[in-house]
Amino acid sequence: MESSSVPSLAATENWPVPTAAVAVVRADGTVAGSHGPTGQRFPLASVTKPLAAYAVLVAYEEGAIDLDEPAGPEGATVRHLLAHTSGLAFDENRVQAAPGTRRIYSNTGFEVLGDLVAKATDIPFADYLHQAVLAPLGMTATTLEGSPAKDAVSTVDDLVRFAAEVQAPRLLDARTVLDAMTVAYPGLTGILPGYGHQRPNDWGLGFEIRGAKSPHWTGTTSSPRTFGHFGQSGTFLWIDPDVRAACVALTDRAFGPWAIEAWTPFTDAVLADLRR
């Protein structure tokens, strides 16, 4: 579907990438606009994490796990792992800090979560994600092909369904989603990959929260309540509750200076369209 209600989406044609697909979905589930091959599958990289986190939260609501049960390093919980404050290192099973003291972005933490859910439910995590999130939302083109931190493959069309769900939850209690988009362990400092040290480096449960971060991958006009994730494969998903809309962008060029230059003015233009 191509639409002119968000004409700024066409700016993706000027991005220095082989392929880009993008869409905006409102909180009522209607697609405000899209551009590019929205049915093409792209590796998500870390945009996998919000999907994995949603499955973890389903497991919590089903009673398979508890957010405050021990998980990961000594003293850490499921909540610490979701909020990147378990103390685990980025990509190795090594403890760098006491739980709750620093925001250390950790792929390892999400792999621990995947193992925990698999053990608690007796279902491999990729299958659990499919049963708990992907199938109910009709995300038929999405698969998890390895780590719950970074190895999902999906389409813009599928992620639009997910972004609509997060804005108007059916799979989870709305209070659980509110918890996920609210800062967990406020005030913690840390490094936002690609954007450097942030004081504070706010995260919810599986979602990064914009807050007052600068620089940032969302827009200069994005509300502080904006939350979402970007991926090293040149992908992002943001949800801005103040404009009651979400934007998904998938590309096939790795994140780098091009994305830092392109994404922020792009988001500002999309927000300007939505606010008209």
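This briefing describes selected strands, one buried residue and several salt bridges of the structure above. The model is predicted. Strand 1 covers residues 20-26 and pairs in the antiparallel sense with strand 2, while 7 bridges join strand 1 to strand 11. The salt bridges come to a count of 10, and those described below include a pair that links distant parts of the chain.

**Strand 1 and its partners**

- Of the 7 residues in strand 1, 6 are buried, and the strand is mostly covered.
- Strand 11, residues 245-251, runs antiparallel to strand 1; within this pairing, Ala23 stands opposite Val248.
- Strand 2, residues 31-35, is joined to strand 1 over 4 bridges, and Val24 stands opposite Gly33 there.
- Strand 1 and strand 2 form a hairpin with 4 residues between the strands, in which Gly29 has a positive phi near 90°.

**Thr235 in strand 10**

- Thr235 belongs to strand 10, which spans residues 235-240.
- With a relative accessible area of 0%, Thr235 falls under the 20% limit and is therefore buried.
- A polar atom of the Thr235 side chain lies 2.8 Å from the backbone oxygen of Leu44.
- Leaving aside residues up to four places away in sequence, Thr235 touches several residues, among them Pro43, Val47, Phe230 and Trp263.
- The residues touched by Thr235 also include Ala249, Leu250 and Thr251.

**Salt bridges**

- Side chains of opposite charge can pair when their charged atoms come close.
- Glu145 and Arg41 form a salt bridge through their side chains, with an N to O distance of 3.6 Å.
- These two residues are 104 residues apart: Glu145 sits in the loop between strand 4 and strand 5, and Arg41 in the loop between strand 2 and strand 3.
- Glu145 is exposed because its relative accessible area is 53%, whereas Arg41, at 39%, is partly exposed.
- Asp151 and Lys150 form a salt bridge in which the closest N and O atoms are 3.8 Å apart.
- Asp151 is partly exposed at a relative accessible area of 25%, and Lys150 is partly exposed at 33%.
- The side chains of Arg175 and Asp173 meet in a salt bridge with an N to O distance of 2.8 Å.
- Arg175 has a relative accessible area of 63% and is exposed, while Asp173, at 30%, counts as partly exposed.
- A network of salt bridges links Asp68, Arg79 and Asp179.

How values were computed
Residues are numbered from 1 along each chain as its sequence is written. This is a predicted model: local features need pLDDT of at least 70, side-chain atom pairs count only at pLDDT 80 or more; totals for chains, interfaces and linings use all residues. Side-chain values use heavy atoms; hydrogens and water are left out. Buried means under 20% relative accessible area, exposed over 50%, partly exposed in between (1.4 Å probe, protein chains only). Two strands pair if DSSP finds at least two bridges between them. A polar contact is a pair of N or O atoms within 3.5 Å; within protein, one must be able to donate a hydrogen and the other to accept it, and residues adjacent in sequence count only if both atoms are side-chain atoms. Contact means heavy atoms within 4.5 Å. A salt bridge is a side-chain nitrogen of Lys or Arg within 4 Å of a carboxyl oxygen of Asp or Glu.
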